[in-house]
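Visitor: I am new to this structure and would like a close look at one part of it. Please pick the part and go through it step by step.

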Amino acid sequence: MPMNPRGDDPQPGRPGVAMPPFGAVVHVIDDDDIALWMFRELLQGIGAEIRTFSSAREFLAGYRPGPCECLVCDLRMPEIGGLDVQQRLLDTGSHLPIILVSGYADVPQAVEAIKKGAFDFLEKPVDGALHDRAGFVMCRLGFCPASTV
């Protein structure tokens with residue numbers, strides 16, 4: 001099987017795609033499939049596994065804390081929004097770094113998110129800033145591939 005430039009073994013069944021080391025994961029929650037695709041594309045260069053979820057309920061039902069991870073979450077979604085996800089994680093004692101994104105951002109929501117410990121708050125459409133901020137979070141957690149430094 002081919003190796004990537006870092007020397008990692010490719011994932012089984014996906015030739016040429018390397019499994020991220022150290023269990024590095026970026027979780028992404030958005031109810032818009034196009035936004036999920038866009039986030040995945042923007043985050044590919046980080047080198048972490050990208051896990052996408054079309055609802056907060058889906059994410060929360062299966063979330064298990066890992067050693068090196070962050071969450072990119074849409075602010076406004078049906079049923080459970082980004083601030084509610086943040087609060088539910090805090091209620092369980094989780095300190096998962098969160099980057100909230102929204103096409104309808106307003107100052108009070110951004111302030112509330114940051115006061116509760118969100119790492120950042122970005123407005124849609126996001127661009128390279130998402131890659132940079134998620135890469136920075138992962139570096140602070142000890143996962144620093146060459147593409148994020």
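Guide: What follows starts with how far to trust the model, then turns to one helix and its surroundings, and ends with charged pairs.

This is a predicted model, so local features are given only at pLDDT of at least 70 and side-chain atom pairs only at 80 or more, while totals for chains, interfaces and linings use all residues. Residues are numbered from 1 along each chain as its sequence is written, and side-chain values use heavy atoms, with hydrogens and water left out.

pLDDT is the predictor's confidence in each residue, on a scale from 0 to 100. Its mean over the chain is 82, and 81% of the residues reach 70 or more. Helices (H or I, at least four residues) and strands (E, at least two) are DSSP runs numbered from the N terminus. Among these elements, α2 has the highest mean pLDDT, 97, and strand β1 (residues 10-11) the lowest, 34. Over residues 1-21 pLDDT stays under 50. For that stretch the model has 28 contacts beyond four places in sequence, a contact being heavy atoms within 4.5 Å.

The part to look at is helix α3, residues 82-91. Its buried residues are G82, L83, V85, Q86 and L89. Buried means under 20% relative accessible area, exposed over 50%, and partly exposed in between, with a 1.4 Å probe and protein chains only. Viewed down the axis of α3, the buried residues fall within an arc of 160°, so they line one face of the helix. The arc is taken from the directions that run from the helix axis to the C-beta atoms. The partners of these buried residues are β3 (25-29), α2 (56-62), β5 (69-74), β6 (98-102) and α4 (107-115). Just after α3 comes G93, with a positive phi of about 90°.

One of those partners, α4, can be read in the same way. Its buried residues are Q109, A110 and A113. These cover an arc of only 100° around the axis, which puts them on the same side of α4. V107, P108 and K115, on the other side of α4, are exposed. The buried residues of α4 pack against α3, β6 and β7 (120-123). After α4 comes G117, whose phi is positive, near 105°.

Charged pairs come next. Side chains of opposite charge can pair when their charged atoms come close. A salt bridge here is a side-chain nitrogen of Lys or Arg within 4 Å of a carboxyl oxygen of Asp or Glu. By this rule there are six salt bridges. In one of them, E79 meets R57 at 2.7 Å, N to O. E79 sits in the loop between β5 and α3 and R57 in helix α2, so the pair links distant parts of the chain, 22 residues apart. E79 is exposed, at 66% relative accessible area, and R57 is partly exposed, at 46%.

K116 and E112 form another salt bridge, with their closest N and O atoms 3.2 Å apart. K116 is partly exposed at 29%, and E112 is partly exposed at 32%.

The side chains of R133 and D120 also meet in a salt bridge, 2.7 Å from N to O. R133 lies in helix α5 (residues 128-140) and D120 in strand β7, so the pair ties together parts 13 residues apart in sequence. R133 is partly exposed, at 27%, whereas D120 is buried, at 16%. Finally, D30, D74 and K124 are linked in a network of salt bridges.
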